[in-house]
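Thanks for coming. Please have a look at the sequence and the model on the screen, and then I will walk through one part of it.

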Amino acid sequence: EQSTHFKEISLNVSLTGNYQGLKNFLRSLDYSARLFEVNTVSFASQESFQEIAKSKNILKDYDFKLSITTHTY
């Protein structure tokens with residue numbers, strides 16, 4: 001009888017970008033051949049960039065932190 005041993009791999013990822021970029025990144029994880037589980041997502045605004053974004057009417061950037069788990073054998 002053969003048993004399969006799975007290893008859990010945890011990743012902490014820090015990203016900077018806008019909401020659409022985060023959405024695209026999460027979508028690429030979802031479509032990946034490897035199964036990923038996003039445990040947590042947190043974000044903070046970049047205040048100096050926020051003021052420029054308001055005046056130029058462009059997408060705002062945020063600092064995103066994700067905790068991701070995947071499994072391998």
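Which residue in E3 is the bridge partner of Val 41? The partner is Leu 66. Before going further, note that this is a predicted model.

Let me set out the sheet that this pair belongs to. The sheet is open and has three strands, in the order E1-E3-E2, with antiparallel pairing. E1 and E2 stand at the edges, and each has a single partner strand, so one side of each is left without a neighbour in the sheet. From one strand to the next, the twist averages 15°. Helix H1, residues 19-31, packs on this sheet and touches E1, E2 and E3. The direction of H1 makes about 5° with that of E3.

As general background, strands of a sheet pair through backbone hydrogen bonds, and the pairing is either parallel or antiparallel.

Now the two pairings, one at a time. Strand E1 covers residues 7-17, and its antiparallel pairing with E3 runs over 11 bridges. Two positions show how these strands line up. Leu 15 has Phe 64 as its bridge partner in E3, and Asn 12 stands opposite Ser 67 in E3. On the other side, strand E2 covers residues 36-45 and pairs with E3 over nine bridges, also in the antiparallel sense.

Next, two residues of E3. Start with Ser 67, which is in the strand spanning residues 62-72. Is Ser 67 buried or exposed? Its relative accessibility is 19%, so Ser 67 counts as buried; the cut-off for buried is under 20%. Leaving out neighbours within four places in sequence, Ser 67 is in contact with Leu 11 and Asn 12, and also with Glu 37, Val 38, Asn 39 and Thr 40.

The second residue is Thr 69, again in strand E3. At 8% relative accessibility, Thr 69 counts as buried. What does Thr 69 touch, not counting residues up to four places away in sequence? The list is Glu 8, Ile 9, Ser 10, Leu 35, Phe 36, Glu 37 and Asn 39. Two of these deserve a further word. Glu 37 is 32 residues from Thr 69 along the chain, yet their C-alpha atoms are separated by 5.2 Å. With Asn 39, there is a polar contact between the two side chains, at 2.6 Å.

One last general point: in a regular strand, the side chains alternate between the two faces of the sheet. Keep that in mind when you turn the model around. That is all from me.

Conventions:
Residues are numbered from 1 along each chain as its sequence is written. This is a predicted model: local features need pLDDT of at least 70, side-chain atom pairs count only at pLDDT 80 or more; totals for chains, interfaces and linings use all residues. Side-chain values use heavy atoms; hydrogens and water are left out. Helices (H or I, at least four residues) and strands (E, at least two) are DSSP runs, numbered from the N terminus. Buried means under 20% relative accessible area, exposed over 50%, partly exposed in between (1.4 Å probe, protein chains only). Contact means heavy atoms within 4.5 Å. Two strands pair if DSSP finds at least two bridges between them. A polar contact is a pair of N or O atoms within 3.5 Å; within protein, one must be able to donate a hydrogen and the other to accept it, and residues adjacent in sequence count only if both atoms are side-chain atoms. Axes are lines fitted to C-alpha atoms, for helices over the stretch in contact, and angles run from 0 to 180 degrees between N-to-C directions.
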